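Dear colleague,

I am handing over the structure below, together with some notes on its charged side chains. Please read the notes with the coordinates open beside them.

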Amino acid sequence: KVELAKKLPRKRFSLEGNTNLDALISGKDAADQPIHIFIEAKFLSDISPDVSYVPVRNQIARNIDCAIELMMGNGKGREGLKDFWFVLLTPAMFRTQKFGGNTGSPLRDLGPDRSRFYCYKMDEYLDPAGLIADLPHWKGRLKPEDWRLISSHIRWLTFEEIVDAVEPSRFTPEEWKGYTAFFEDRGMHVRQR
C-alpha cells in the first residue's frame, strides 16, 4: 500500500486529501515523459462504497481525486494530468465488456461482470460525465478536455494477464500445479502450459 498523503502539499483541494493505494508506479514512457500509474487491486472483494470523511463516495473516486491533486501539485497545474493513469486490477471474470470483457471463466453465465460495484463505476468513469458527477468539487478547476483526458487514462488489468505475461518455464511443475489449482478453485481462467 502506498499512502499518498505524504506526497500531497499541505493545502489540499481534494475532499479527503489522503488515500491508501495498492501501488503507485512512476517512471518514463516511450517518449521519455514522466508517467504515474495509480493501481487499485481487488481480488475477490469489492471497492468500498463509502470512505471515512465523505461517506457518499466510493474508493475509485477517492483514489482518482487524490491522484488529480497530486498530479496538479508542485506547480504542474492541469499539465500534470497528462502523466496520470488509473488502473483497476481484478480477476478477469469481473472485467466488463467496455474494457474487453471477461475470459474463460466457468462462472461467466452467472454474470460476474455485474456482481461488483466497481464494474458499474469503471464503466461509468469511461464517460467524463461520470467522473464530474462523483468529483463535483473539481468543477471550474478542470476543463472539459481535462475530464476527457482523465477518463481516457482509466484502464482495467487482470491478475491472469499479469501471470500470463510470465514465461511458463519460470514455474516449476509443482508451482504451476498450485497456481492453476488456486485459480480453478475460484472459477478463474488459467492459461494452459
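Lys82 has a relative accessibility of 37% and therefore counts as partly exposed, since that class lies between the buried limit of under 20% and the exposed limit of over 50%. Please keep in mind throughout that this is a predicted model. The side chain of Lys82 meets that of Glu79 in a salt bridge, with an N to O distance of 3.8 Å, and Glu79 for its part is exposed, because its relative accessible area of 52% falls in the class over 50%.

Arg78, Glu145 and Asp146 are joined into one network by salt bridges that share partners.

The pair formed by Arg57 and Asp65 is also a salt bridge, and its closest N and O atoms are 3.1 Å apart. Are these two partners buried or exposed? Arg57 has a relative accessible area of 6% and is therefore buried, and Asp65, at 0%, is buried as well; buried here means under 20%.

A further salt bridge links the side chains of Lys42 and Glu40, where the N to O distance is 3.5 Å, and both Lys42 and Glu40 are buried.

As for the overall tally, a search of the whole structure finds ten salt bridges, among them the pairs Lys42 with Glu40, Arg57 with Asp65 and Glu79 with Lys82.

With best regards

How values were computed. Residues are numbered from 1 along each chain as its sequence is written. This is a predicted model: local features need pLDDT of at least 70, side-chain atom pairs count only at pLDDT 80 or more; totals for chains, interfaces and linings use all residues. Side-chain values use heavy atoms; hydrogens and water are left out. A salt bridge is a side-chain nitrogen of Lys or Arg within 4 Å of a carboxyl oxygen of Asp or Glu. Buried means under 20% relative accessible area, exposed over 50%, partly exposed in between (1.4 Å probe, protein chains only).
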